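Here are my notes on the model you sent over, set out as numbered points. I hope they are handy to have beside you as you look through the structure.

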Amino acid sequence: MRDRFSAGVVYVLAALLAALLTGCTQSAAGGESDGPTGATASVSPSATRASGFGAVFLAVDECSSFGKASFTEVPCTSERAAARVVARHDGTPAGGPPCPATTDFVLHISEQSQISDEDGDGAVPQGYACMRNLQPPHPGDPGGGGGPRTIVGDCVYGSGSGQVRETACDGKGAKKPQYKVVKAVTERSRCPLSTALYVQLGGAQPVGCARPL
């Protein structure tokens with residue numbers, strides 16, 4: 001009787017072990033487990049991002065591809081790289097810090113962008129990146145005729161209703177230059193006597209003193 005009882009115990013233990021092994025195999029194959037074996041079913045785009053990208057989408061010193069309406073972050077060594085981020089801020093340009101003086105253009109980053117994200121949740125906070133072209137031309141340079149800011153050395157023309165717009169100082173732009181900003185000051189009274197036009201610049205010295213050309 002003792003031998004039969006011992007044999008019966010062995011058979012029961014073997015059956016339980018087989019059932020446990022079968023259950024573990026089904027959990028891994030079915031992807032229904034809440035553990036690490038089921039995590040590969042929903043890998044976020046940021047987790048598969050190429051090496052060399054930072055934790056923040058288009059952070060300072062990272063690069064974007066060509067295009068201002070549609071763009072992607074690419075390695076700065078890539079042949080697709082067109083411009084480098086010189087400053088990056090959250091929010092909108094109207095409510096945030098100004099871009100550096102020689103910024104060539106600004107990329108507006110949508111809050112709903114799914115291109116990449118910072119924490120794996122599939123969203124990038126609204127912000128803007130101040131960009132500098134990797135190769136000339138540089139419209140943000142003094143006299144370049146473009147860029148998001150008007151700075152000393154830039155030229156402007158009257159666009160009507162007391163407004164002025166920037167244009168290239170070399171005369172190769174769509175409009176001929178009429179005035180050149182020669183100095184930036186805190187208030188109009190500090191402009192030279194030769195000043196014929198006051199241009200709003202913003203920043204610590206918001207008044208541009210422009211002379212006629």
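1. Let me start with Leu58, which is buried, with a relative accessible area of 0% (buried means under 20% relative accessible area, exposed over 50%, partly exposed in between, with a 1.4 Å probe and protein chains only). Its phi is near 55 degrees, a positive value in a residue other than glycine. Leu58 sits in the loop between α1 (2–30) and β1; helices (H or I, at least four residues) and strands (E, at least two) are DSSP runs, numbered from the N terminus.

2. A word on the basis of these notes: this is a predicted model, in which local features need pLDDT of at least 70 and side-chain atom pairs count only at pLDDT 80 or more, while totals for chains, interfaces and linings use all residues. Residues are numbered from 1 along each chain as its sequence is written, and side-chain values use heavy atoms, with hydrogens and water left out.

3. Ser161 also deserves a look, with a positive phi near 55 degrees in a residue other than glycine. This serine is in the loop between β6 and β7 and counts as exposed, at 77% relative accessibility. For context, most residues other than glycine have a negative phi, and most peptide bonds are trans.

4. On that last score, please check the bond between Pro136 and Pro137: this peptide is cis, with omega at about 5 degrees. Pro137 belongs to the loop between β5 (127–133) and β6.

5. Now to the sheets. One open sheet has five strands in the order β2-β1-β3-β5-β4, with antiparallel pairing (two strands pair if DSSP finds at least two bridges between them). At its edges are β2 (73–74) and β4 (105–109), each pairing on one side only. Strand β1 (residues 63–65) is joined to β2 by two bridges, and Ser64 stands opposite Glu73.

6. Another open sheet of five strands follows the order β7-β6-β8-β10-β9, again with antiparallel pairing. Its edge strands, β7 and β9 (197–200), have a single partner strand each, so one side of each is left without a neighbour in the sheet.

7. Within that sheet, β6 (residues 155–160) and β7 (residues 163–167) pair over five bridges and form a hairpin with two residues between them. Gly160 faces Gln163 there. On to β8 (residues 179–185): two bridges link this strand to β6, with Val156 partnering Tyr179. Six bridges then join β8 to β10 (residues 207–212), where Ala184 stands opposite Gly208.
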